[in-house]
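User: I would like to go through this structure by question and answer. Please give the reasoning before each result.

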Amino acid sequence: MVLLTVRLPPGATLADALARLELAEEDVDTAFGLVPIDPGTGLYAVRVAEEASHRAANTAGGPFSDPPIAPHGSQDPHDRHAPPSG
Amino acid sequence: MRVLIQLRPAPDVVAAVIEPGVRATAADVAGRLPGVVLDQAFAPVAVPRPVPASAYGDPLSLNQRVEFSYAPQDAAVLVRGEIADDELSTRSVLLPSARRDVAGVFADPVIHSTPTCGGDGPVGHWQDVARLLGAPEMTVEGHDGSGVTLAIVDSGINAAHVQAHLGREVIIDTERSWSPPGVGGTPGEYPVAHGTMCAFDALIAAPRATLLDIPVLLSPHNVAGLLSDAVAAYAHLRTVLEAMPAGSRSLVISNSWGLFSPGQDFPPGHPGNYSDNLAHPFNLIVASLDQAGADIVFSAGNCGRECPDRRCGFPDRPITGANSHPRVLSVGGVDTGLERVGYSSQGPGRLSDRKPDICAYTHFAGSEANGPGTPDTGTSAACPVAAGAVAAIRTRHPATEISPAQLRTLLHRTAEDRSTLGFDHDYGYGVINPPAVLESLGRHTRHAA
């Protein structure tokens, strides 16, 4: 999945975003929902299937990557190039 | 540039250099070398001549069995000096032709001890870190994190473990803590892991800070976490910040995580890329939260040239994305001897050249979250150590008095410089020095009064 941004008025809901982007509920990660990025400028984000992001290309910003993130350390202790254990 | 100059002076001079009871000086050996400032403090050193072991050997080859002769008619002598950088190449070539006793001019590079790496044992103890940060004195003066909210955006906190190892009560605000959809559990009651180490390390300088437990790295998506989990976490933290009274806003956010491989991102130059793109939604929300008054602290990463984490996938400039954001404090790692640890990522950063900003302590015996006897390691530990120091400073200096950007500038200015040049891409501006920040803020307040 990828992230899209959309500009909406204050207090907007996921339904408002779907209407603006002309997407269906099954196209988006409803658990992620509509997340305010910068409320001052009315910028919000939604997480959508990559295929659906192409359909919303004219009304949305993005698509933006949603890469995995990992701690700067792990539990692997033993060689000098092992990840620091923290 | 500093150089070593190899000379073949008269045999009696060489004999004087070799003779233990005689003190020969650089001037005795070299006289005056044009364009070279001799280092008179460096005692001349005799260097043996390699001589072929066989009578039929090649006198110019080292790829054969050789013996080394210290006989005065064979040995050479090294002296140390400096040649101006812009004359180095010409003087290095011309010196041997101008002076027949000059055999060669060689580089004299700075050498370092082997840095601390991932598999090494602890260097110092967390109480050493507290002392180096000036934490006992700061606590006495009331800079202990009281009333400051410190969010640990990581893998969840086990408060009982932190409490047992720190030997004092840990304050976790469960109401204002947050977890991604699908992540169960109770704030402060997660299994002991990376996030517990981060919480412990943050409390070294700010023992009375109020922790928020934000376990974004416990993603239900079958990986450590997704950047979108962090986007949602930051949206929550914005509501936390805005709910605080404007006059006493103090929210510090500690982030010991990042993106390891470009293969998991859109490529640099793609408009949806994260690593190199300030317009990515996460980088936008970071900027917006900084603007609203939050102090955002990120680990620089563990991709230092000497011993990088084997997961590091960026061929260069490994401080990427928000870890290199101009509006965050990007933190590299030093051990308690103030030496940079070999895994601490070096700049320049991808979103901002001048990264890391500063260094803080890591690789010390602390939380034992990774098992008994294991150190708190990585820039993962350095980041919360710095975040805790920022929280201690914020105790009496909320964001309305000094903005996050102003505080970053003060942290830069007061850091203990570890190079001769000011900012560098290994240590940033130097090692964090919270008492110097407080001293500077105190001066400012006295002037304003």
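**Bonds, sheets and the contact of two chains**

Analyst: This is a predicted model. To begin with one charged pair, Arg55(A) and Asp27(A) form a salt bridge, and their closest N and O atoms are 3.1 Å apart. Arg55(A) lies in helix 2 (residues 50-55) of chain A, while Asp27(A) is in the loop between helix 1 (14-21) and strand 2 (35-38) of chain A. The pair links distant parts of the chain, 28 residues apart.

User: How many salt bridges are there over all chains?

Analyst: A pair counts if a side-chain nitrogen of Lys or Arg is within 4 Å of a carboxyl oxygen of Asp or Glu. The pair of Arg55(A) and Asp27(A), at 3.1 Å, is one that forms a salt bridge. Over all chains, the count is 22 salt bridges.

User: How many salt bridges does the rule find across the interface of chain B and chain A?

Analyst: The interface does have polar contacts: 14 residue pairs between chain B and chain A, both residues at pLDDT 80 or more. Salt bridges are counted by a separate rule, with a cut-off of 4 Å between the nitrogen and the oxygen. Across the interface of chain B and chain A, that rule finds zero.

User: What area is buried between chain B and chain A?

Analyst: The size of an interface is often given as the accessible area lost when the parts come together. Here the contact takes 37 residues from chain A and 61 residues from chain B. Carbon and sulfur atoms give 61% of the buried area, and the area itself is about 3,800 Å².

User: Which helix of chain B gives the most to the side of chain B that touches chain A?

Analyst: Several elements of chain B supply at least two residues each to that side, including helix 7 (194-202), helix 8 (227-243), helix 9 (281-292) and helix 10 (378-394). The residues of this side of chain B divide into 29 nonpolar, 25 polar and seven charged. With seven residues, the element that gives the most is helix 8 of chain B.

User: Which strand stands in the middle of the open sheet of three strands, in the order given?

Analyst: Strands of a sheet pair through backbone hydrogen bonds, either parallel or antiparallel. Strand 5 (residues 68-71) of chain A pairs with strand 11 of chain B over two bridges, in the antiparallel sense, and Pro68(A) has Leu226(B) as its bridge partner. Strand 5 of chain A also pairs with strand 13 of chain B, again antiparallel over two bridges, with Gly258(B) as the bridge partner of Ala70(A). Strand 11 and strand 13 of chain B are the edge strands, and in the order 11(B)-5(A)-13(B) the middle place goes to strand 5 of chain A.

User: Which residue stands opposite Val334(B) in strand 16 of chain B?

Analyst: Chain B has an open sheet of seven strands with parallel pairing, in the order 9-10-8-12-14-15-16. Its edge strands are strand 9 (171-172) and strand 16. Strand 15 and strand 16 of chain B run parallel and are joined by four bridges. Opposite Val334(B) in strand 16 stands Tyr361(B).

User: How far apart in residues are Cys117(B) and Cys307(B)?

Analyst: These cysteines form a disulfide with their sulfur atoms 1.9 Å apart, and the link is left-handed, with -90 degrees about the S-S bond. Cys117(B) lies in the loop between strand 7 (102-107) and helix 4 (126-133) of chain B. Cys307(B) lies in the loop between strand 14 (294-299) and strand 15 (329-334) of chain B, and the two are apart by 190 residues.

User: Which residue has a positive phi without being glycine?

Analyst: The residue lies in the loop between strand 14 and strand 15 of chain B. Its phi is near 45 degrees, and the residue is Arg317(B).

User: Where is Pro348(B), which follows a cis peptide bond?

Analyst: The peptide bond from Gly347(B) to Pro348(B) is cis, with omega near 0 degrees. Another cis bond runs from Gly62(A) to Pro63(A), with omega near 10 degrees, and Pro63(A) is in strand 4 (residues 61-64) of chain A. Pro348(B), in turn, is in the loop between strand 15 and strand 16 (358-361) of chain B.

Technical notes: Residues are numbered from 1 along each chain as its sequence is written. Chains are lettered from A and ligands numbered from 1 in the order in which they are written. This is a predicted model: local features need pLDDT of at least 70, side-chain atom pairs count only at pLDDT 80 or more; totals for chains, interfaces and linings use all residues. Side-chain values use heavy atoms; hydrogens and water are left out. Contact means heavy atoms within 4.5 Å. Buried area is the accessible area (1.4 Å probe) that two parts lose on being put together, summed over both. A polar contact is a pair of N or O atoms within 3.5 Å; within protein, one must be able to donate a hydrogen and the other to accept it, and residues adjacent in sequence count only if both atoms are side-chain atoms. Ala, Val, Leu, Ile, Met, Phe, Trp, Tyr, Cys and Pro count as nonpolar, Asp, Glu, Lys and Arg as charged, and the others, Gly among them, as polar. Two strands pair if DSSP finds at least two bridges between them. A disulfide is a pair of cysteine sulfur atoms within 2.5 Å.
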